[in-house]
Amino acid sequence: MPATQMPMRYGHPEGHTDVCFDDSGSCIVTCGSDGDVRIWKDLDDDDPKSINVGDRAYSCALKKGKLVTSVSNNTIQIHTFPNGAPDGILTRFTTNANHVVFNRDGAKIAAGSGDFMVKIVDVMDSSQQKTFRGHDAPVLSVSFDPKDIFLASASCDGSVKVWQISDQTCAISWPLLQKCNDVINAKSICRLAWQPESGKLLAIPVGNIIKLYRRETWRNEFDLSDNFITLPLNVVTWSPCEKYLAAGSVNGCIVVWNVETKDCMERVKHEKGYTICGLAWHPTSRQLAYTDAEGNLGLLENVSGMGNKVYSHLFDGDDDSDNADNGDFLNENMEFQLIPKGRTDYEDDEDDLMLASGYPRHRNHILEDDDSSVEVALMEKGSHCEKEEEKDEHWGSTHAVLLSTSRRPFYDGPMPSPQQKPFQSGSTPPHLTHRFMVWNSVGIIRCYNDDQDSAIDVEFHDTSIHHATHLSNTLNYTIADLSHEAILLACESTTELASKLHCLHFSSWDSSKEWTVDMPPHEDIKAICLGQGWAASATSALLLHIFSIGGVQKEVFSLPGPVVSMAGHGEQLLIAFHRGTGFDGDQCLGIQLLELGKKKKQVLHGDPLPLTRKSYLAWVGFSAEGTPCYVDSEGIVRMLNRRLGNTWTPICNTKEHCKGKSDHYWVVGIHENPQQLRCIPCKGSRFPPTLPRPAVAILSFRLPYCQIATEKGQMEEQFWRSVIFHNHLDYLSENGYEYEESTKNQTIKEQQELLMKMFALSCKLDREFRCVELAELMTQNAVNLAIKYASRSRRLILAQRLSELAVEKAAELAASLNEEEEDFRNKLNTSSTTEWSQPRVVNHKVEENNSEDSEEADEIEEKTDLHKNRQNPFCKNGSSADGPAIKSVTSSNQGRVNPFKVSASSKESTISVNPTSSNILDNMKKLSKKSTVPNRTANKEKSPVLKPLIPKPKSKQVPATNFFQACTSQTDKIVEEKKNPENSLSESPAMSAQNIENERPKTGFQMWLEENRSDILADHPDLSEEPDIIREGMNRFRMLSDEERKAWAHKAKGGATKETETKKRKEPSLDNTKQREQGNPKENLNLSKKQKTLDISTNQKLSAFAFKKD
Amino acid sequence: MDSAEVEFLAEKEMVTIIPNFSLDKIYLIGGDLGPFNPGLPVEVPLWLAMNLKQRQKCRVIPPEWMDVEKLEEMRDQERKEETFTPMPSPYYMELTKLLLNHASDNIPKADEIRTLIKDMWDTRIAKLRVSADSFVKQQEAHAKLDNLTLMEINTTGAFLTEALNHMYKLRTNLHPAQSAQSQDF
């Protein structure tokens, strides 16, 4: 019969607590962080007597009507018991004492303090003090030898010392513990204990085991351990009969051993897993009182009491006789004590034992004898290994342990862990009266389960989807899900009613918005989910039913195991289930991902789900963009990486963001663009309460890359994070969803920038091989830039290698282009060998811009002719994407420039667009941007992408701002441009620096300049150079008020179309303008590109014109 | 300046709301706001928060200091000290009033908070009166008061200066008036 664990009850506010029994065992005494000592008649005592002893009580001890406490004013106080009248101060330290204990007869106390000292004080005469110095850190705990010869103490300096009380010398010191600087940082408070009567053994909790040392020899007699204990033990106490040893761990395990047999008698887990910091045996009965670090008091009844009786038949004869001896011995003594009391019940040894120990004096003798027998038993066992022990103490001790374990009749392998129960993602436990049934990106379903009535509240984050609703919960629904279309509820079966699935299809266009389905008998719904146009329910019969959202039953299939949780998104269904039994706290889960669209297919075939050790699944679902994700109980968020063969990548560790150990983040949603992990911070719990209404916080993602502190590591992490978080774009395009090209281009640009930075970094570090590796990840354009960079930094070998690479890439590109003509879709898959999928961009473009392509090709040929002198030969593989690359080559004919150096002459360069100050990164941006230009035109009427799935607003603005920030850091040049509000008004969110340059001819400033040129010239007749005029103009323009500037910008924007046309007409005549244009052919080129969309033929002429100038 | 103007100034204070609609970033003279995502907290000026709240477009998250325990502590401190203690926000009164009037359903223990703020206000105004009283009585030329909020200054400022002007006139006229009187008769 295992011990009965009484429910925990509140004892003190959270914080360290201590517990002890009074001499007779009639009451439990606790002390806690509120500075109160509470005297409990029993666990159900509703009105315990409280004695205030100070601001905080750290430890208490009780003996012979004297209550000794160590309190926060650094004193050891004494109070009378049970009255609680103060009886003076025993001693003081310079800081608070951590542990105080009585010696056996209650005449002295020992206290260990944070000022490294241990003191023994005579209770009657506090002037009789003995101080023990020698610890180099705060003392954790102390323990008196029952014979008053020794004193043991454990300290934060990692040592456990035994002191000779008489001369205050250290008898022995073991470096057993982990070092730390303070008690609060200690892994364990290491409450050690001497055997209470004989003092033969000293038990010390060291990590997950208890080491027992023999008196005088100070040899490690044996260790006690158990697989149940996973975290360090905090407290150890002997039962008053010395036979049993109880230990409490920091994660709330309480284990009781029989010391003689070294068998584990009890394994009890604290109901909430809090740290056990106080543990006390009842002096007579089979109770074990414990307190946790949260201030709760608990009680175990019937602890190990059955020891001899129940287990004895399991043991070998050897053991049995030992036990029997003890039992008999006790019985004999019992008899003579009990007869006078008129007690006639001899049958229950344990009862007798309890009564007997009620008489400490007598019991003393009895147990002394008893001890000897125990010792004999120990010796007998120990003798086997005595010799080996001499050779190797360590080996001996392990041997002893082995011996003890070999006697164990029961299974000792890895213990199967209980399978986790099915749950709905974003719900709080069903036993709560007020709980969340669902909190997802659509809304919140709350359930109130009061005595009189039970109700469900549905609330939508976006009230435009549907208004909040209130339902009465007569059928006791426990499972719910919520989508843009419907509310789905389910209840388990009762004795009369079958398990029901109830759907409120609020988006239905007819008048009947509800439907209900009864499950077959003996089939309970365990998990449900909603997708777009379908609902699914998994049942206890390992079946998965799929319904249409209107209530038509569709597919049904068997699940490979009991369902854990399900999630739906669009056409995807994700099912987590138990693949088998996990061991040692691990769960063994599998995951299935199905697509329920037109082409139904299974993407993940019940693959194992990677979970952190000893954790369970806590949340499973999809990102807003439709990538499967899940969170385990250790706070690790993982996302499916479709590019890497559907593997799972950890993208965030929410625990890193927690302040406290027991704080958690309760995940409610994941967004890939912008990268947001939406979750609710929960202080000291795993889930939030319904009231006060919790607020959502946003965490950022971070991949667990190495050396994240270095620049290289950071960039690598950023790069791969960007890759992972944009996999969904490929998925969307593959599945024929619409998405915004701009985000994709943005992504490619961002990634190429990072690659370029890494490239430059490796270049700087002379890591040429690494440079090539990086270049392999780049797009064609970026590779060309890299070649340029390498050749300018005089790395000719590198440049050559890179150009080889570029040839390969070009060939690949050409090949893919050919294929593409045959079939777009096929190409998407085949080209996935290149990481950067420049060809894919081309793909989309080709679809939209077939007409434009030819023109562009013409243009490119023209350009190639013009620039043959410094042309690289690969551009001939004419594709639209190559066009810009050529331009980059043409434009970067300046001297060698450090691409990361902020240009000092930024202002001048802004205005005159002096080619000498342009740098590689600028060009690069231009390039990648260039490839997007045609797309932008096609993209102008942006339709909300994937309507219900993607959050409409965010995808547009946030990246744009991000980008601007990035830009400023890279090129000061742009800063100036940014001032022109034109930026913010630009029609495309992907509008970026180069676009500004593209649009330069129609900025507000230039319009203003045209108008005011004459004024400037009049004021400064000496200004003849164009750059000077512009500079002066710039100064004046900057003096204008914001509003005026805005007005200009607005005008510029409003008249954009007109402006360009008029400019075209004006151009030949306007000398100044022409000069400017000539000064920057590149710019002109950009302009021409822009105009192409307006008028292709004029555009061609214009570009031809521009190139002639060059 | 009257209290409406002070309140107007207070409406620029930022508060956190949870919108129940979806809207892109909006660009205003005072700065950019948003983007608004349903269910995600966002900081907006009080005036917008109140407007949205009245149209039931958002829930307001009370400022951190608007918490019974913290306010009790502040009130006790205010009562204990002779001088003015720093307030949680320079517009505590206005914020409390606006939030409690329009968004009391989003603020836990709204009534208690109202009482506490009123207590603090009363204590401070009483202090202000006492100090003004001693200032006048002792005929001091100047005095320094720290940690007063705009609204508090506004309650007595105009009156006090006007009163001092009058008193000054009366005092300076005291002696000449006597002589004038004698001349009259």
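How many salt bridges does the rule find across the interface of chain B and chain A? Zero. Keep in mind that this is a predicted model. Below is a quick tour of that interface, then the core and helix α2 of chain B, and finally a buried lysine in chain A.

**Where the chains meet**

- On the chain B side, 17 residues are in contact with 17 residues of chain A.
- Together the two chains bury about 1,400 Å², and 55% of that is on carbon and sulfur atoms.
- The side of chain B that touches chain A is made up of ten nonpolar, four polar and three charged residues.
- As for polar contacts between chain B and chain A, the count is one residue pair, with both partners at pLDDT 80 or more.

**Nonpolar cores**

- The largest nonpolar core holds 42 residues, and Ile17(B), Phe36(B), Trp65(B), Leu71(B), Ile113(B) and Ile117(B) have the most contacts inside it.
- Chain B elements giving two or more residues to this core include the strands β1 (14-19), β4 (42-45) and β5 (58-61), along with the helices α3 (68-80) and α4 (92-103).
- The top contributor to this core is α5(B), with eight residues.
- Take Leu71(B): setting aside neighbours within four places in sequence, Leu71(B) is in contact with Trp65(B), Met66(B), Ile113(B), Leu116(B), Ile117(B) and Met120(B).
- Another core, of 29 residues, lies apart from that one, and among its members are Met715(A), Phe759(A), Cys763(A) and Leu777(A).

**Helix α2 of chain B**

- Buried in α2(B) are Leu46(B), Leu48(B), Ala49(B), Met50(B), Leu52(B) and, yes, a lysine: Lys53(B).
- These buried residues pack against a mix of helices and strands of chain B, namely α1, β1, β3 (31-33), β4, β5 and α4.
- Just past the end of α2(B), Gln56(B) has a positive phi of about 55 degrees.

**Lys500 of chain A**

- Lys500(A) sits in strand β36 of chain A, which covers residues 500-504.
- Why does Lys500(A) count as buried? Because its relative accessibility is 15%, and the cut-off for buried is under 20%.
- The side chain of Lys500(A) makes a polar contact with the side chain of Asp518(A), at 2.9 Å.
- Beyond neighbours within four places in sequence, Lys500(A) is in contact with Leu475(A), Tyr477(A), Leu489(A), Ala490(A), Cys491(A), Thr516(A), Val517(A), Asp518(A) and Ile525(A).

Methods. Residues numbered from 1 in each chain as written. Chains lettered and ligands numbered in written order. Predicted model: local features only at pLDDT ≥ 70, side-chain atom pairs only at ≥ 80, totals over all residues. Heavy atoms only, no water. Contact = heavy atoms within 4.5 Å. Buried area = accessible area lost by both parts, 1.4 Å probe. Salt bridge = Lys/Arg side-chain N within 4 Å of Asp/Glu carboxyl O. Polar contact = N/O pair within 3.5 Å; in protein donor to acceptor, adjacent residues only side chain to side chain. Nonpolar A, V, L, I, M, F, W, Y, C, P; charged D, E, K, R; others polar. Core = buried A, V, L, I, M, F, W, Y, C linked by side-chain atoms within 4.5 Å. Buried < 20%, exposed > 50% of the residue type's maximum accessible area, 1.4 Å probe, protein only. Helix = DSSP H or I, 4+ residues; strand = E, 2+ residues; numbered from the N terminus.
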